[in-house]
Amino acid sequence: MSTKRDYYEILGLERGADPAGIKRAYRKLALKFHPDNYKGDKAEGEVKFKELAEAYEVLSDPQKRQQYDQYGHEGLRGSGMHDFSSMGFSDIFSMFTDIFGGMGNPGRGHRRRRGLDLETEVGITLEEVASGCERELDFDRYDVCEMCDGSGAKPGSEPESCVTCGGYGQVQQQTQSIFGMSVRVVPCPDCNGRGKIIREKCPDCTGHGRMKIHRTLKVKIPAGIHEGQVIRVRNEGEPGEDGAQRGDLHVYIAIEPHPLLTRRGDDLICLAPVGFSTAALGGEIEVPTIEGPEMLDIPAGTQYGDVLRKKGKGLPQLDSKRVGDLLIQVHIDVPKRLTERQTELFEELATLDNEHITHRRKSFMEKLKDHFRR
Ligand SMILES: [Zn+2]
Ligand SMILES: [Zn+2]
């Protein structure tokens with residue numbers, strides 16, 4: 001029988017907690033039960049800490065968490081769990097260096113961070129969505145100083161290795177507590193954890209090793225892209241620490257509205273006014289397409305709201321050969337003001353239509369009566 005406590009309960013979390021919440025809860029409780037801080041019984045603090053470390057190991061790993069959610073403690077048997085019961089505090093801390101930042105083993109050195117990602121937005125037209133395009137981006141970013149190559153030291157001089165920490169960037173700090181002497185690893189106060197000291201500063205970047213540098217960059221925007229999609233340009237973000245990997249540049253796409261065409265997926269829609277007589281007799285009208293105006297056949301007897309289609313005149317689908325259609329929604333244009341001649345003709349038409357219309361109206365009225373009789 002398992003007498004283990006529920007991992008979520010140990011961390012004080014709900015079952016659906018997100019990864020950031022799990023990390024936060026763990027960090028808070030780990031600091032509470034750390035031997036330097038824990039006020040209660042030492043043995044009890046140690047048990048609590050190990051319990052916490054085990055719960056965190058499981059819940060921070062998506063695969064182990066899923067097994068635990070589904071089968072409980074039994075589900076984790078033989079899944080390569082650490083045996084926390086036989087571990088000392090220092091072992092546990094060395095496993096979680098990324099959680100606590102500086103708490104690693106001395107000698108391992110300073111962790112180099114990847115550079116920050118940058119974001120920008122590019123506005124393109126619907127025509128450019130159809131063809132794909134290239135944009136030149138102009139922006140400033142913090143970059144490695146060219147004068148000192150990022151060292152921060154005046155050209156001709158070199159950064160010196162920090163004497164206090166021997167170049168490791170970390171020092172051990174001893175504290176006397178009621179549990180006896182305890183040792184903690186903290187970032188070196190003399191070099192701020194960098195392991196190096198700059199005596200003569202580079203005049204361009206004033207010793208920071210970085211400065212704002214203008215960058216011009218060409219970005220290819222593929223045909224068929226959608227509003228809000230992001231193009232990730234690898235290694236165009238800020239440089240990483242001490243030669244670590246650069247961040248990325250994220251280019252958000254914004255599509256400018258078109259005066260005549262609306263996008264629906266890969267299809268384009270336009271509203272086309274069709275003359276009263278053209279709709280009745282059939283004919284041709286000019287409609288806008290993404291490549292310019294084109295003629296469209298209007299069949300005789302076209303009704304208001306009918307949708308006509310030009311195949312392959314829509315937008316290309318992203319990363320595919322498929323192309324959408326142009327849908328033309330018919331809007332019958334009834335003349336608001338008539339010339340004398342038009343009035344004459346319409347009146348003549350009305351007389352001719354009369355019989356037919358009267359017949360149609362009669363059947364309409366009968367249907368209406370039928371409906372209310374029910
Ligand atoms: Zn410099
Ligand atoms: Zn130092």
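A helix here is a DSSP run of H or I that spans at least four residues, and helices are numbered from the N terminus. With that in hand, let us walk through this structure, which is a predicted model.

Start with the whole chain. The protein chain holds nine helices and 15 strands. Of its 374 residues, 35% are buried. The accessible surface comes to about 24100 Å², and carbon and sulfur atoms account for 50% of that area. The contacts tell us something about the fold as well: among those between residues at least 6 apart in sequence, 61% join residues at least 24 apart.

Now turn to helix α4, which covers residues 62–71. Which of its residues are buried? They are K64, R65 and Y68. These three lie on the same side of α4, because they cover an arc of only 100° around the axis. What do the buried residues of α4 pack against? Their partners are α1 (7–11), α2 (19–33) and α3 (42–59). If you look at the face of α4 turned away from the buried side, you will find the exposed residues P62, Q63, Q66, Q70 and Y71.

Two cysteines are a good next stop. C145 has a relative accessibility of 0%, so it counts as buried. C202 also counts as buried, because its relative accessibility is 1%. As for how many disulfides there are, taking pairs of cysteine sulfur atoms within 2.5 Å, the count comes to zero.

Further along the chain is T262, which belongs to strand β10 (residues 262–264). Is T262 buried, exposed or in between? Its relative accessibility is 49%, and since exposed means over 50% and buried under 20%, T262 counts as partly exposed. Leaving aside neighbours within four places in sequence, T262 is in contact with D267, L268 and I269. You can also pick out L327, which sits 65 residues from T262 along the chain, with 9.8 Å between the C-alpha atoms of the two residues.

Our tour ends in helix α9, which runs over residues 340–373 and includes F364. With a relative accessibility of 47%, F364 counts as partly exposed. F364 also helps to make a nonpolar surface patch, together with M365, L368 and F372. The area of this patch is about 430 Å².

Methods. Residues numbered from 1 in each chain as written. Chains lettered and ligands numbered in written order. Predicted model: local features only at pLDDT ≥ 70, side-chain atom pairs only at ≥ 80, totals over all residues. Heavy atoms only, no water. Patch = residues over 30% accessible without salt bridge, like charges linked within 9 Å, V, L, I, M, F, W, Y side chains within 5 Å. Areas by Shrake-Rupley, 256 points an atom, 1.4 Å probe, with all protein chains shown as cover. Salt bridge = Lys/Arg side-chain N within 4 Å of Asp/Glu carboxyl O. Helix = DSSP H or I, 4+ residues; strand = E, 2+ residues; numbered from the N terminus. Buried < 20%, exposed > 50% of the residue type's maximum accessible area, 1.4 Å probe, protein only. Arc of directions from axis to C-beta. Contact = heavy atoms within 4.5 Å.
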